[in-house]
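Visitor: Hello! I am new to protein structures. Could you help me learn to read one?

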Amino acid sequence: MEVKSGEGRTIKRRVGLLYDERMCKHNTPDGDYHPENPNRIKAIWNKLQAAGIPQRCVVLNAKEAKDKNLLSVHTENHVNLIKNISSKQFDSRRDRIASKLNSIYLNEGSSEAAYLAAGSVIEVAERVAEGELNSAFAIVRPPGHHAEPDEAMGFCLYNNVAVAASFLLNERPELGINKILIVDWDVHHGNSTQKMFWKDPRVLFFSVHRHEFGTFYPANDDGFYTMIGEGPGLGYNINVPWENGRCGDADYLAVWDHILLPVAKDFGPDIIIISAGFDAAAGDPLGGCRVTPYGYSVMLKKLMDFAQGKIVLALEGGYNLGSISNSVFACMNVLLEDKPVAGSSEAYPFESTWRVIQAHMISSSDSEDEDTKVETLEAVLQVALSKLKVDDGHGTELGTATPWRSELSKVDVFYASFGSNMWKSRFLCYIEGGQVEGMQKPCSGSKDRNPPKEILWKTFPHRLFFGRDSSHTWGPGGVAFLNPECDCRHKAYLCLYRITLEQFNDVLLQENVYSDDVSSPLFDTNDLNSVANKKAVSLEALKNGWYHNVVYLGKEHGIPILTMTCSLSAVGKFKSGEFPLRAPAPAYTNTLIKGLVEGKQLSEEEAKAYIHEASTKRL
């Protein structure tokens, strides 16, 4: 790509590109499907070739890392294991070793692929640092940002990016690379990279990731915003932990504009290395976020203003072949300074994004140190917060009225709960947000946070039962379902909450796995009018949720009584064994007991017997 120099001379922008099919030798030992598979890098390469990208780049050969490079961030035992794991002497032990590690498989090609991946990122980083290239993209696998100093983890064998950063800082000091910004936009927290530079002020590590209060992989507190480094490295570790999935371009760009870019400007990196995972892309089976190729291109473009455009991208995660291919292509267009891919960022960030940014401001002010630059973040955020437009988590900008919400807020229904929501404190999590003891993650709450206008109890001739192996909210153990068919042989206790139809929609949303904005109601007044005749309405928009079937149970004081449960076809699958029947775990059971006892329906012993019978009696 030709560009103009400061003197008006035309010069070539040199962009490196590295791909080597030998990294495809790392695969599952039995050939079973795994999301981190060779087709990932093949799909990317094929996309770039079809677009003529390699012909316009400096295509580099992969190189294996040397042990001394790896030992700068990994232990000797770990390096020796990965070096030899593919040899014949490990044939009988390889699978057993892999099974003891966290989300790892190993085969005869793993050692070579791991050495090539780490060495290739060193190769492109060194070329960019030397000035031979302006920027580069290393299409490598296995990925690296989860690989701990002493063991493989999360599909990662060596931490490729950390190895390359350490190489530039410690083995090539003559290149003048004294400060490195590592940006990890993979949907998972870069736990290993954080640890490796925890006390090092030469590396500013920035990770934006799904965290959900420590429940999203790697499922610990390391990715929380309070983890900011230690000693000389205090203030040089920045985590942006999403509270929920579905974050998209607007959320990422808000964090870029209000956290990353101001801090990067103050830090003044000599080079930027991006842990370029694309599992936050729309359509990724593991990430659950919605970043578009356009979003990635803008994120990268904004970083090109730093370090004289010296940027290295190293592939991390990303498991939808179309998404990763299109996203890498969009990034290559930026590096080559081509016309960007089409897109727009007219949507607003979620309210939770604002909370994360605000939390950074509070955290930074609490942790100020005269030897760090954390105060820069606080000052920037104080200005940024006043300007940030946010989304309420339901697809609308805060402060704006949505017509359907206004309409449904005037209609009352009784929501009848047979499960954990029988306990008022638990149900209020769906209204006010938050969580109670035993819940794995908090609820976002309803837009209308007014409490129920009335609470009462009734029994209904329906069968209560428990199924599914685990749930996002409660972890392992079955959860409650109500057979939608009326059966006079059974009696179920239900707590009725008088709420608005708007709030009922928000409860529906939180009860089900749902991935799109709610620009229209899930259950409107037309559905309310028809459910009395049909007795049940299965909501197509929530068909993948466990509680997508809204069942009509009659009226109380002239107000419709509605519950949400599984469909009749799902009951059939529970009966056949296709869906598992399973007793609830103690934490979940306790919420049911508290609901029944505090609601003065049963004694504690009677409540335990009621739940035991429902979980053991044949369906």
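Visitor: What share of the residues of the chain count as buried?

Guide: In this predicted model, 59% of the 619 residues of the chain count as buried. The accessible surface of the chain comes to about 25000 Å², and 47% of that belongs to carbon and sulfur atoms.

Visitor: How many helices and strands are in the chain?

Guide: The chain has 19 helices and 20 strands. Look at the contacts, too: among those with a separation of 6 or more, 74% are between residues 24 or more positions apart.

Visitor: Let's turn to sheets. In what order do the eight strands of the open sheet stand?

Guide: First, the general idea: strands of a sheet pair through backbone hydrogen bonds, either parallel or antiparallel. Here the order is 4-3-5-10-9-6-7-8, and the pairing is parallel. Strand 4 (58-60) and strand 8 (237-242) stand at the edges with a single partner strand each, so one side of each has no neighbour in the sheet. From one strand to the next, the twist averages 15 degrees.

Visitor: How many bridges join strand 6 to strand 7?

Guide: Five bridges join strand 6 (residues 180-184) to strand 7 (residues 203-210), and the two run parallel. To find one spot, look for L181, which stands opposite L204 in strand 7.

Visitor: Which strands does helix 8 touch?

Guide: Helix 8 (residues 249-267) packs on the sheet and touches strand 6, strand 7 and strand 8. Its direction makes about 170 degrees with that of strand 7. Helix 1 (residues 39-50) lies across strand 3 (15-18), strand 4 and strand 10 (311-315), and runs at about 130 degrees to strand 10.

Visitor: Now a single helix. Why is helix 6 said to be largely enclosed?

Guide: A general point to start: an α-helix has 3.6 residues a turn, so residues three or four places apart point the same way. In helix 6, 10 of the 12 residues are buried, so the rest of the structure largely encloses this helix. The buried ones include V161, F167 and L168. You can also check the length of helix 6 (residues 160-171): at 1.5 Å a residue it should span 16 Å, and its end C-alpha atoms are 15 Å apart, which agrees.

Visitor: And is L335 buried or exposed?

Guide: L335 has 0% relative accessibility, so it counts as buried. This residue lies in helix 10 (residues 321-335). Leaving aside residues up to four places away in sequence, L335 touches R13, V15, S135, A136, L300, M304 and L313. The C-alpha atoms of L335 and S297 are separated by 9.3 Å, with their positions 38 residues apart along the chain.

Conventions: Residues are numbered from 1 along each chain as its sequence is written. This is a predicted model: local features need pLDDT of at least 70, side-chain atom pairs count only at pLDDT 80 or more; totals for chains, interfaces and linings use all residues. Side-chain values use heavy atoms; hydrogens and water are left out. Helices (H or I, at least four residues) and strands (E, at least two) are DSSP runs, numbered from the N terminus. The expected span of a helix is 1.5 Å times one less than its number of residues. Buried means under 20% relative accessible area, exposed over 50%, partly exposed in between (1.4 Å probe, protein chains only). Contact means heavy atoms within 4.5 Å. Two strands pair if DSSP finds at least two bridges between them. Axes are lines fitted to C-alpha atoms, for helices over the stretch in contact, and angles run from 0 to 180 degrees between N-to-C directions. Accessible areas come from the Shrake-Rupley method with a 1.4 Å probe; for residues, only the protein chains shown count as cover.
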